Amino acid sequence: MKRRVALIVAAVVAVAVLAGVAVWALPVFTVRDIEVEGNTNVATEQVVDATGVGERQNLVRVDTTAAAGGVASLPWVRQATVSRHLPGTLKVSVVERTAVLKSGDKLIDEEGEEFSVDNPPEGILEAEGAAAAPEVAEAAAALDGETRGQMAKVSAASPEEITFHTKDGREIYWGSAEAAHDKALATRTVLKREGQHWNVSNPQLVTVR
């Protein structure tokens, strides 16, 4: 009896091993579709091409790490993950950068990292002076989209002397990026009021002149 059980177990293991080898070596599960999510600024076709994976490729043998690395090398992409979904789908999840500043021909994302793209979008806040510093990007990123859209540029003699300039000629002095969330709220409020030169460096004690 024990010998028979052992033979059955051995047979089952052998079948499983052979099945695994077949799945790995033969195109049992092939790539029929590549799904992309999370992309806005980069085209889906670009993401698919960047994976380096072709249709009818053995899905099980796709190097998902390499594929994700290829996608992450695209300028707009901050992070990418690639996963297999049997029987025939490769799924690519993309996290894009948010361009909050423009300095010359470079874009600057919310973490202060520079990157270049062929066709930069319109309306990105222009950075002057030391405004390309990460602290300034942090300040710009704290502004909501509507508030940022009212700004023409941001200037900074240093990361501790940040000033936003609106499209209608007003100035909002921030100082540093410390308490960026509170300063962003204060900025949104003062834009609804009259006054040319605002100081929100202390968001609890906003002044105007």
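**View 1. Packing of helix α6 in the predicted model.** The buried residues of helix α6 pack against two helices, α4 (134–142) and α5 (145–149), and against three strands, β8 (151–156), β10 (171–175) and β11 (197–199). Helix α6 itself spans residues 180–190, and its buried residues are A180, K183, A184, A186, T187 and V190. Viewed down the helix axis, these residues fall within an arc of 165 degrees, so they line one face of α6.

**View 2. Surroundings of T166 in strand β9.** Strand β9 covers residues 162–166. T166 has a relative accessible area of 7%, which is under the 20% limit, so T166 counts as buried. When neighbours within four places in sequence are set aside, T166 is in contact with Q150, M151, A152, I172 and L191. The T166 side chain also makes a polar contact with the side chain of D168, at 2.4 Å. In addition, the side chain of T166 reaches the backbone nitrogen of R170 at 2.8 Å.

**View 3. The salt bridge between R170 and D168.** Both partners also appear in the view of T166, D168 through its side chain and R170 through its backbone nitrogen. The closest N and O atoms of the R170–D168 salt bridge are 3.4 Å apart. R170 is buried, at 10% relative accessibility, whereas D168 is exposed, with a relative accessible area of 51%. Elsewhere, salt bridges that share partners join R78, R97, D109, E110, E111 and E113 into one network.

**View 4. The salt bridge between E126 and K102.** Side chains of opposite charge can pair when their charged atoms come close. Here the side chains of E126 and K102 meet at 4.0 Å, N to O. E126 belongs to strand β7 (residues 126–129) and K102 to strand β4 (residues 99–103), so the pair ties together parts that are 24 residues apart in sequence. E126 is partly exposed, with a relative accessible area of 27%, and K102 is partly exposed at 26%.

**View 5. The salt bridge between K153 and E128.** The side chains of K153 and E128 meet at 3.4 Å, N to O. K153 lies in strand β8 and E128 in strand β7, so this pair ties together parts that are 25 residues apart in sequence. K153 is partly exposed, with a relative accessible area of 26%. E128 is partly exposed as well, with a value of 34%. The count of salt bridges in the model comes to eleven.

Key. Residues are numbered from 1 along each chain as its sequence is written. This is a predicted model: local features need pLDDT of at least 70, side-chain atom pairs count only at pLDDT 80 or more; totals for chains, interfaces and linings use all residues. Side-chain values use heavy atoms; hydrogens and water are left out. Buried means under 20% relative accessible area, exposed over 50%, partly exposed in between (1.4 Å probe, protein chains only). Helices (H or I, at least four residues) and strands (E, at least two) are DSSP runs, numbered from the N terminus. The arc is that of the directions from the helix axis to the C-beta atoms. Contact means heavy atoms within 4.5 Å. A polar contact is a pair of N or O atoms within 3.5 Å; within protein, one must be able to donate a hydrogen and the other to accept it, and residues adjacent in sequence count only if both atoms are side-chain atoms.
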